Structures are given as C-alpha cells and as structure tokens.
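Welcome! Here are a few short exercises to work through with the structure on screen. Try each task yourself before reading its solution.

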Amino acid sequence: MNLASFLRDVPDFPKPGILFKDITPMLSSPKAMQAAIDGLAALDVGPIDKVAAIESRGFLFGVPLAMRLGVGFVPVRKPGKLPWKTNRIEYVLEYGTDAVEIHQDAVHPGERVLLVDDLLATGGTMGAACQLVEACGGTVAACAFVVELGFLGGRKKLGQHRVDSLIGI
Ligand code: AMP
C-alpha cells in the first residue's frame, strides 16, 4: 500500500510558509491505518516495556500500537493536562515554542520505551519526549514516526537515538 497517498498537503497551515501534512485521510481509511500500525509494529526495535506517544496526533498511532505489541501506553502531553505529578521539558518547534510533560511514575527505571509520533519535523518535540523518558530512568528503544520531513534534519537532532519512519519526504 502506498501510505503516502493518504497524506494531504495543506499549504500555509497553521501559519504562512508551513506545508502541513494532514493525516486525516489516513485516519479515515481502516486499511491505511492497519498498514500504518502493521508497519510500526514490524520495526525490529527489540523487547520493549512501553509505548509513549506525543499529544495529540501521536496518540492516534501510539495507543493501537501499544495494544498490538501487548505493552502499556504512556501519554506525553502539553503542559497542564496530566493530573498527577509531572516532569516538564521546554523545546523549540517548527512553528513556535512549547513544552511537554510526563507523569513521573509513567516509566519505571530500566524500562525500554518505544516513542511514537505522527510526524518528524525538526525533532524538537521528540527530543524533549526522549529526555522525559530518560529522566524517569527509562531507555529509549527507538523513535518511530509515520512521516519524516527529511529536509528539516530532525533525525540528526535525535542523534544518539534510533529513528524509524514509514514515509520519508
Ligand atoms: P518537530 O518538533 O519540529 O519535529 O515537530 C513535530 C510535531 O509538530 C509533530 O507532533 C507534528 O504533529 C507537528 N508538525 C510539525 N510540522 C508539521 C507539518 N509540516 N505537518 C504536520 N505536522 C507537523
């Protein structure tokens, strides 16, 4: 299946100059979503204890992936959304600055975590999520994306971590 055909390019969203990769055509196709989850589940990242994904589009892939792999799911969220004790990391992204948080007890020391998001742009968001997992004592097994915008160099920014993507642009 040509997964890339289930992406829609939206120019100048959310601000001028950004070519937004809209995943809603993929979400609306059960066959495409099946193929995406199959592809992520087939990545040979070794044994993992948890899947962590980044709010909010990462959740759309992270939860079904965690269920498929038979492991727990950890939400990485924007500030103020998680109710329990959190750790926070601030980061710079393609269109602005932001921060992400994780529950302090979401990942236990020694656990191997597969991190997932819909799209790799500059890598700032995923880099912050990796730091959160590591601050809990976890190990990053890999960073997996449905879409990778290669020209933004996010893979290099994630440097020391393994990076996988299903669609390279
Ligand atoms: P970054 O931190 O720069 O790698 O940005 C990644 C996050 O921003 C992901 O959660 C994406 O959902 C979102 N994002 C950034 N750029 C785009 C884009 N061109 N199209 C769709 N989503 C994007």
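**Exercise 1.** Which strands does helix H3 (residues 57-69) lie across, and at about what angle does H3 run to E7?

Solution. This is a predicted model, so begin by finding the helix in it. Follow H3 over the strands: H3 lies across E3, E4, strand E7 (112-120) and strand E8 (139-148). Then compare directions: H3 runs at about 145° to E7.

**Exercise 2.** Work out the order of the strands in the open sheet of 5 strands, and find which strands stand at its edges.

Solution. Step one: reading across the sheet gives E4-E3-E7-E8-E9, with parallel pairing. Step two: strand E4 (72-76) and strand E9 (163-168) each have a single partner strand, so one side of each has no neighbour in the sheet. Step three: from one strand to the next, the twist averages 20°.

**Exercise 3.** Look at how E3 and E4 are joined, and find the bridge partner of Val51 in E4.

Solution. Strand E3 (residues 50-54) runs parallel to E4, and 5 bridges join the two. Starting from Val51 and crossing to E4, you arrive at Phe73, its bridge partner.

**Exercise 4.** Describe the second largest pocket: its volume, its lining and the element that gives the most to that lining.

Solution. The volume is about 160 Å³. Of the 15 lining residues, Gly123, Gly127, Ala128, Gln131 and Lys157 are the closest to the centre. Strand E5 (86-93) and helix H4 (124-135) each supply at least two lining residues, and H4 gives the most, with 6. Sorted by class, the lining has 6 nonpolar, 6 polar and 3 charged residues.

Note on methods. Residues numbered from 1 in each chain as written. Predicted model: local features only at pLDDT ≥ 70, side-chain atom pairs only at ≥ 80, totals over all residues. Heavy atoms only, no water. 1 Å grid on protein atoms, 1.4 Å probe; cavity = no way out; pocket = protein on both sides within 12 Å on 5 of 7 lines; lining within 4 Å. Points joined across faces, edges and corners; volume = space filled by probe spheres on them. Helix = DSSP H or I, 4+ residues; strand = E, 2+ residues; numbered from the N terminus. Nonpolar A, V, L, I, M, F, W, Y, C, P; charged D, E, K, R; others polar. Pairing = 2+ DSSP bridges. Axes fitted to C-alpha atoms, helices over the stretch in contact; angles between N-to-C directions. Contact = heavy atoms within 4.5 Å.
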